[in-house]
Amino acid sequence: DTSGNRAVTDIAIDPLNAARLIAWVSGSASVNEGGIYLSTNALDATPAFTQTLVGANANVRGELAGANVGGTVTFYAATGEGNTGRLRRSVDGGATWSAFLAGGQGFCGSQCFYDIAIDVNPGNADIVNLGGAPSLVQARSIDGGATFTNNAATAAGLHVDSHVIAIARSNPNIVYFGGDGGISRSTDAGVTWTSLNNATFHATQFQEIDLHPSDREFMLGGTQDNGTLLRRS
């Protein structure tokens, strides 16, 4: 649609063919604009786009990821459809899409506008890492999204509110996770995690601070989703 503005919340590109691109569009429900659009000539000066999926909920957020393995281009779409999160898959480069995958139901709860993260193993498109709301901070599927194993991410130190997952193309066992608590890294494909927050990277967002009336070294700070911090020295 070139007659007005629509929000594109994510795009994904065929890793071996930059001319193939898909985009998730949050569009008007009344005219079925929302969903996935595909271009197979994205490098052209005036690429053409075709809507290949009409979203079940039009005006919702979607995040995309893809892999090209043996010439088969697989894309995943993690979206706010169903109002609690749904996952779809394409095995023909975004031309057609599956029904909702059983393993991705409800992954972002009531916070799909804020908590969606997904990436695919570059060498095995059946392996996908998904992040969402507190009930599923980070989980991994090895069967193309049919089922997911929740790796008890909160207990392992990952903060709730998932925003990005990135699988290293050079070594798929290395996975990075970004959320409200900062950056973490896994070296076992997303089973266990180590925080990368340190003295040179601070992710804590202060919302309020108060100082003791007579001791300038005594202060309390309230943070976004990271508790109350005390300084006293």
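Visitor: Which backbone nitrogen does the side chain of N68 reach, and at what distance?

Guide: The side chain of N68 reaches the backbone nitrogen of G71, at 3.2 Å. This is a predicted model, and every value here is computed from it.

Visitor: What makes the pairing of N68 and D14 a polar contact?

Guide: The side chains of N68 and D14 are joined at 3.0 Å. The cut-off for such a pair of N or O atoms is within 3.5 Å, so the N68 and D14 pair counts as a polar contact.

Visitor: Why is N68 called buried?

Guide: Its relative accessibility is 15%. Buried means under 20%, so N68 is counted as buried. N68 is found in strand β5, residues 62-69. Beyond its sequence neighbours up to four places away, N68 touches D14, P15, L16, V73 and P122.

Visitor: Why is T79 called buried?

Guide: T79 has a relative accessibility of 0%. The limit for buried is under 20%, so T79 falls in that class. T79 is found in strand β6. Its contacts, leaving out residues up to four places away in sequence, are W24, R61, G62, G85, R86, F107, C108 and I116.

Visitor: How do you know that T79 and E81 make a polar contact?

Guide: Their side chains are joined at 2.8 Å. That value is within the 3.5 Å allowed, so the pair qualifies as a polar contact.

Visitor: Why is N83 called exposed?

Guide: N83 has 55% relative accessibility. Exposed means over 50%, so N83 is placed in the exposed class. N83 lies in the loop between β6 and β7, the latter being residues 86-90.

Visitor: What is the phi of N83?

Guide: It is positive, about 70°, although N83 is not a glycine. A189 is another non-glycine residue with a positive phi, near 70°.

Visitor: Is A189 buried or exposed?

Guide: The relative accessibility of A189 is 8%. With buried set at under 20%, A189 therefore counts as buried. A189 has its place in the loop between β14 (182-186) and β15 (194-195).

Visitor: Why is P134 called partly exposed?

Guide: Its relative accessibility is 47%. Partly exposed lies between under 20% and over 50%, so P134 belongs to that class. P134 lies in the loop between β9 (128-131) and β10 (139-141). Apart from residues up to four places away in sequence, P134 touches Q111 and V160. The C-alpha atoms of P134 and D115 are separated by 9.0 Å, with their positions 19 residues apart along the chain.

Visitor: Why is D92 called partly exposed?

Guide: D92 has a relative accessible area of 32%. That value is neither under 20% nor over 50%, so D92 is called partly exposed. D92 is found in the loop between β7 and β8. Outside its neighbours within four places in sequence, D92 is in contact with R20 and V73. From D92 to I22 is 12 Å, C-alpha to C-alpha, and the two are 70 residues apart in sequence.

Visitor: What makes the pairing of D92 and S90 a polar contact?

Guide: The side chains of D92 and S90 are joined at 2.9 Å. The limit is within 3.5 Å, so the pair counts as a polar contact. The side chain of D92 also reaches the backbone nitrogen of A95, at 3.2 Å.

Visitor: Which residues touch the most other members in the largest nonpolar core?

Guide: That core has 18 residues, and those touching the most other members are Y76, A78, L87, F107, I118, V120 and L130. The elements giving two or more residues to this core are β5, β6 (72-79), β8 (117-120) and β9. Another core, of 12 residues, lies apart from it and includes L38, L53, F75 and W97.

Visitor: Which residues is A78 in contact with?

Guide: Setting aside neighbours within four places in sequence, A78 is in contact with R61, G62, E63, R86, L87, F107, I116, I118 and L130.

Visitor: How many helices and strands does the protein have?

Guide: The protein has 0 helices and 18 strands. Of its 233 residues, 43% are buried.

Conventions:
Residues numbered from 1 in each chain as written. Predicted model: local features only at pLDDT ≥ 70, side-chain atom pairs only at ≥ 80, totals over all residues. Heavy atoms only, no water. Helix = DSSP H or I, 4+ residues; strand = E, 2+ residues; numbered from the N terminus. Buried < 20%, exposed > 50% of the residue type's maximum accessible area, 1.4 Å probe, protein only. Polar contact = N/O pair within 3.5 Å; in protein donor to acceptor, adjacent residues only side chain to side chain. Contact = heavy atoms within 4.5 Å. Core = buried A, V, L, I, M, F, W, Y, C linked by side-chain atoms within 4.5 Å.
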